[in-house]
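Student: I am new to this structure and would like a close look at a single part of it, the nonpolar core, together with what lies around it. Please take me through it in one connected answer.

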Amino acid sequence: MTDILDGKALALQIKEEIANEVRQLTAEGHRAPHLAAVIVGTDGASMTYVANKEKSSHEVGFTSSVYRMSETTTEKQLLETIDFLNNDPDIDGFIVQLPLPKHINEQRVINAISPDKDVDGFTPVNIGRMVLGEECFVPATPMGICTLLQRYGIETAGKHCVVIGRSNIVGTPVANLLSRKGFDCTVTMCHSKTQNLPEITRQADILVVAIGKAEFITADMVKEGAVLVDVGIHRVEDATKKNGYRVIGDVKHSEVDAKCSWVTPVPGGVGPLTIVSLLQNTLKAYKKHRK
Ligand code: NAD
């Protein structure tokens with residue numbers, strides 16, 4: 001029997017918990033937490049992500065603002081906006097939606113975000129603190145994956161966790177977090193140069209897939225009874241859908257799910273928890289600023 005790690009349902013539950021806390025804070029006369037987002041250009045997926053973050057912010061009672069900048073924005077202009085957000089006492093946390101246009105140096109932009117407002121957890125300071133096990137903002141997607149495993153009571157101690165992907169926003173931080181005290185997994189990290197990938201993935205008690213290739217993981221690559229976390233998001237054309245597309249993951253769920261003990265569906269698995277983690281980080285930033 002395969003059970004579902006239902007990110008959508010869990011996200012609703014956590015959002016309700018956050019909303020209750022915000023209601024209480026505002027009833028006591030405090031201002032609401034404020035999350036801002038910066039988006040440069042008009043990339044469809046990025047606009048959808050930012051719109052979802054804005055909607056979720058409103059749902060939990062946060063103040064939300066979006067800074068929409070044109071595709072031709074210069075790096076200097078973007079850095080000026082970041083400087084403004086860093087210094088605005090009414091903004092608790094903000095994100096810069098990635099990817100940025102090619103003419104802007106992404107790392108320089110990330111480095112300019114104040115670590116105290118870096119609710120995406122992308123700055124070197126927060127990543128460093130995370131690796132040292134210090135208080136920090138953990139990147140939203142890895143944090144969401146950890147929350148899913150924790151809240152569903154998945155046993156992780158001593159389990160072999162294979163992470164596919166080594167990006168700074170998913171693979172690397174999730175591998176670090178799951179190997180730390182509390183999760184205590186034995187972690188293997190795979191990437192594009194890994195040899196004999198199926199041989200390694202077949203050893204995974206917990207398989208986290210963040211590879212960015214649609215339906216790459218097939219049934220022969222997964223151990224019977226594994227816990228499967230599919231981070232991938234891909235839009236594929238689908239004329240039967242009203243919006244003309246459907247969303248699929250990095251895993252071929254039609255053949256893989258039956259072998260697993262637990263799976264995250266796509267959509268409705270990791271995605272909703274990513275947004276919730278951002279809200280949790282913003283609430284944490286707000287509390288720190290109030291202190
Ligand atoms: P990325 O492209 O930055 O990284 C992909 C990683 O996969 C790389 O480290 C690469 O080494 C590895 N890889 C590529 N081909 C491989 C192969 N053949 N064998 C083994 N490893 C290989 O991607 P990312 O930003 O980490 O995102 C991964 C996926 O997760 C994407 O589909 C992305 O859209 C999705 N994503 C989802 C969320 C969410 O909230 N659900 C958040 C972020 C990213």
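Tutor: What follows describes the core and then moves on to the ligand, some backbone features and one strand residue.

This is a predicted model, in which local features need pLDDT of at least 70 and side-chain atom pairs count only at pLDDT 80 or more, while totals for chains, interfaces and linings use all residues. Residues are numbered from 1 along each chain as its sequence is written, and side-chain values use heavy atoms, with hydrogens and water left out.

The protein chain is divided into domain 1 (29-114) and domain 2 (140-270); these bounds come from an automatic or database domain assignment. The centres of domain 1 and domain 2, taken over C-alpha atoms, are 28 Å apart.

A nonpolar core is a set of buried Ala, Val, Leu, Ile, Met, Phe, Trp, Tyr and Cys residues joined through side-chain atoms within 4.5 Å. Buried means under 20% relative accessible area, exposed over 50%, and partly exposed in between, with a 1.4 Å probe and protein chains only. The largest such core has 51 residues, and those with the most contacts inside it are Ile18, Phe62, Ile145, Leu178, Val208 and Val231. Among the elements that each supply at least two residues of this core are helix 1 (7-27), strand 2 (34-40), helix 6 (140-151) and helix 10 (270-290). Helices (H or I, at least four residues) and strands (E, at least two) are DSSP runs, numbered from the N terminus. Helix 10 gives the most to this core, with eight residues. Domain 1 and domain 2 both give residues to the core, so it lies between them.

Take isoleucine 18 as an example. Leaving aside neighbours within four places in sequence, isoleucine 18 is in contact (heavy atoms within 4.5 Å) with Val60, Phe62, Val276, Leu279, Gln280 and Leu283. Apart from the largest core lies another, of 16 residues, among them Ile164, Cys190, Ile217 and Val256.

Helix 10 also matters for the next topic, as the largest share of the shell around the ligand, three residues, comes from it. The ligand is surrounded by 23 residues (each with a heavy atom within 4 Å of it), and the closest are Arg166, Ser167, His191, Ser192 and Thr274. Some polar contacts, meaning pairs of N or O atoms within 3.5 Å, can be listed. A polar side-chain atom of serine 167 lies 2.5 Å from an oxygen atom of the ligand. A polar backbone atom of serine 192 is 3.0 Å from an oxygen atom of the ligand, and one of valine 231 is 3.3 Å from a nitrogen atom of the ligand.

Now the backbone. The peptide bond from leucine 98 to proline 99 is cis, with omega near 0 degrees; proline 99 lies in the loop between strand 4 (93-96) and helix 4 (106-112). Another cis peptide bond joins valine 266 and proline 267, and proline 267 is in the loop between strand 11 (262-263) and helix 10.

Lastly, isoleucine 39 is found in strand 2. Isoleucine 39 counts as buried because its relative accessibility is 4%. Not counting residues up to four places away in sequence, isoleucine 39 touches Ser46, Met47, Val50, Val66, Tyr67, Arg68, Met69 and Gln97.

Methods. Polar contact = N/O pair within 3.5 Å; in protein donor to acceptor, adjacent residues only side chain to side chain.
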